[in-house]
Amino acid sequence: MRTDVAQIVRLEDYRPSDFLIDKVELDFRLHPTATKVTATLSVRPNPSGRSDVPLVLDGDEVNLKAIALDDRTLEAGEFEANPESLTISQPPQHSFRLTIETEINPTANTKLMGLYRSSGNYCTQCEAEGFRRITYFLDRPDVLAVYTTRIEAEYEEAPVLLGNGNPVESGFVEGTGRHYAVWHDPFPKPSYLFALVGGRLGRVSKTFTTMSGREVDIAVYVEPGKEDRAGYALDALERSMIWDEQVFGREYDLDVFSIVAVSDFNMGAMENKGLNIFNDKYVLASPETATDSDYANIEAIIAHEYFHNWSGNRVTCRDWFQLCLKEGLTVFRDQEFSSDERSRPVHRIAEVKALRSRQFLEDSSPLAHPVRPIQYREINNFYTATVYEKGAEIVRMLKTIIGDEDFRRGMDLYYDRCDGRAATVEDFLKAFADVTGRDLSHFARWYAQSGTPRVSVHGHHDEAAKMYRLDLRQQTPPTPGQPTKEPLVVPIALGLVTQDGQPMDAHCERVNSRGVFVLDKTEDSITFTGVASRPVPSVFRGFSAPVKVSLDLSNDELLVLLRHDTDAFNRWQAAQTVAMRLLVSLSTGTPVSDEEMASLSSALCAFIETDALRDPAFAALALTLPSEADVAQEIGKEVDPDAIHRARKAMRRHLGNACREQLLDFHRSLAQTESYSPDAASAGRRALRNAALDLLAAADLRTGEQLASTQFETASNMTDRLASLSVLMTIPGMVRENAIAAFEERYRSEPLVIDKWFTLQAAIPEDTTLERVKRLMEHPAFSINNPNRVRSLIGNFAMLNQVQFNRADGAGYAFVASIVLRADELNPQLASRLLTAFSTWRMMEPTRRSHARRALQSIAQKPNLSRDVGDIVNRSLE
Ligand code: ARG
Ligand code: ZN
């Protein structure tokens, strides 16, 4: 049986639920293989639904034990139940209580949705449709109920019992060795925000006083013995709480807020009301085990899930098509938080790098979809870079267009109006339309139209008239299901710079006081007056819109921006644009002159000599060339990954040689002297030092090997140790193999560190890597059941190792396809994520393309595919 015939859910078919559930009382008797759940639901007909219709509750592999209506056990014939649904064909026309008893085997739950066990602890994941794996329910986000949860367990097995809301009661069940806890959440919520945790957990906590003076017990729960690695997460939580009060006026609303780290988790983390559950990778950190980027991710994800308490929980989504309403907005909020806590330009560059490498890629692939999709087969496949990251860019553009003050007033109105409700993208935009009096209907097209617009910019200078005209043109390529595209509303933050780098005081009436011009037609021109000499335009400052830009500037003009633009993002962008042009030429056999290479390297060397130490993190980014995957995306068709790899290697060698003295000096002078601190400034110095090491090694293997192995042996923190190991990975030989062995020896008992070790080896761009990866799958630390392990080893092989995943003999594709099929039997979400690595297959040259197609077809033909994998494989082949 093919599974690709799964039903399509369509936005246009939305209608309110025919029934509502106001109150949910849950009773859990936790047991490793036979957990008993009694759910008592207070149901009533929805006045805005249809009357005289059956009640149909959702289920997923539910094992029903008993069912009663208003305390009367229902007989066969009064209801119809199968694992996927429960139907009561003639429910009462008034309020009634439905009591449902089910039994769950959490140990056998390898999908990690619903109630499952991780390292012996019980936990749940209900978004998007996991609650229906616990009991039958109206498992849709517009059914909001008040939950009371009683959890009972063997005390020895689960001394800690956590639920949503506030603790109301706990105690021992006399004479049994069992205990219980009762939790009550007064805020009505959809079922996807339900959570419980039971297990043996260590705890770090403190009291947080909110802006109105309420005391909240904030806590992080981790595996016992790892409490000393939870401090940074707790600190990040506290800073997030303060930030949301100060920047958005949003206060926390319960007496407790808990974060629980688990080691088996499909995604990053989950914002369950008052009880966030995290992938432990985004909680646990110590200088010895976590890198600077781990610390930054922890900070961002702790903030993200906390911010959901308002953008997601207090105001939730009407249906899953509105996912970006909470995710795009919350990503925007966590990005703003990180920018305030760290360096704004540096963080902006990191955001844009991630957007381009993941979202632009998705938008140009067979999996392209609008930020608000209009149909899906499997909602879990829409937790994408487009919904999250492009969704955040739309919120940011809105802010850029209307200004900071109106943005805040609009947010306040949105929260006021929608608090306690399930809202839509229209509700969100209406709040901003109402506070500004603007018509945002054209702007709203960003939510509906997929694909990355390309904006071309041409400048014309009229010396006699002292006028400068910019001709702007936008065009979006077709995407699946959208053959023709409309123009979008594109905010362009811009300024003019003289050829020697001074800001120009030119005037253009159509550029607002914040330096923003809004392009809303296919073509437009803006004219600046008082422009005596030909300027260099600096456009899309701060990356003011998620578009690809074509500029008619020469490399030399761009390099003026690198040195002089007032906008840090565009300084970085200018060097990247030049590097990208050269890399594309080198990769596609277009000759590049020595002068062209030298103009970039000498500009970069000069730049780092004068500016690097003022902002080392920025300098590290400026020294990092576009990745192989970025170059492939830029080339876009008939891609030869080997040629790109060679081109990038050659350019790194050139840069390393050209700036050698300066790089050696950075590597020497920025060595760590004080003890490790994860703050952004210290991290920036490490980043520059390690970027220098990387280029030095590219220029000269022996110097690189020597510097890297010394650094590897003497490193006082994981950032430096891992960076040096990563450089050693590029240098085949015994030094490398010994370092690999030493690292394993040292971190054998640290799964999250072994993940890094898996990743580095999976990324080695050599023909023997595939065999190495297969061998590593036999490593005792590897498990096909654990998403972190699979993503570190197999996912990163597919995503980071362009030359080996895309091997010309097709062995990389065949291998990943085989793992997708194996994983699919255990964990469909994990399998379908892995499968998205194939989204670039159509841009490969013909030999690779046909190998990839064959691998995809082998997946598509497999019987009993999950809906998750069936959906992705079919869309990829369409
Ligand atoms: N809402 C979570 C977040 O903040 C993502 C959870 C998605 N889980 C899933 N199984 N689809 O990003
Ligand atoms: Zn989220």
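**Nonpolar core.** I began with the largest nonpolar core of this predicted model, which has 257 residues. I noted the members with the most contacts inside this core, namely A233, V260, V283, V816 and L834. I then followed A233 outward, and, leaving aside its neighbours within four places in sequence, I found A233 in contact with V220, I259, V283, I298 and I302. V283 therefore came up twice in my notes, as a contact of A233 and among the core residues with the most contacts, where contact means C-beta atoms within 7 Å.

**Annotated domain.** I looked up the UniProt record, an unreviewed entry, which places the feature "domain: Peptidase M1 membrane alanine aminopeptidase" at residues 232-445. Over residues 232-445 I read the chain as 55% helix and 9% strand, with the end C-alpha atoms 40 Å apart.

**Ligand 1.** Which residues are the closest to ligand 1? I listed E127, M267, M270, N380 and Y383 as the closest, out of 14 residues that surround the ligand. When I sorted the shell around ligand 1 by character, I obtained four nonpolar, seven polar and three charged residues.

**Sheet.** I traced an open sheet of eight strands with mixed pairing, in the order β6-β5-β9-β3-β2-β12-β15-β14. The edge strands are β6 (72-73) and β14 (166-173), each of which pairs on one side only. Within the sheet I checked strand β2 (residues 19-29) against strand β12 (residues 145-154), and recorded that they pair in the parallel sense over seven bridges. As an entry for this pairing I wrote down E25, whose bridge partner in β12 is T148.

Key. Residues numbered from 1 in each chain as written. Chains lettered and ligands numbered in written order. Predicted model: local features only at pLDDT ≥ 70, side-chain atom pairs only at ≥ 80, totals over all residues. Near = placed C-beta within 6 Å. Nonpolar A, V, L, I, M, F, W, Y, C, P; charged D, E, K, R; others polar. UniProt positions renumbered as here; feature names shortened; annotations may be inferred. Helix = DSSP H or I, 4+ residues; strand = E, 2+ residues; numbered from the N terminus. Core = buried A, V, L, I, M, F, W, Y, C linked by C-beta atoms within 7 Å. Buried ≥ 20, exposed ≤ 12 C-beta atoms within 10 Å, placed from the backbone. Contact = placed C-beta atoms within 7 Å. Pairing = 2+ DSSP bridges.
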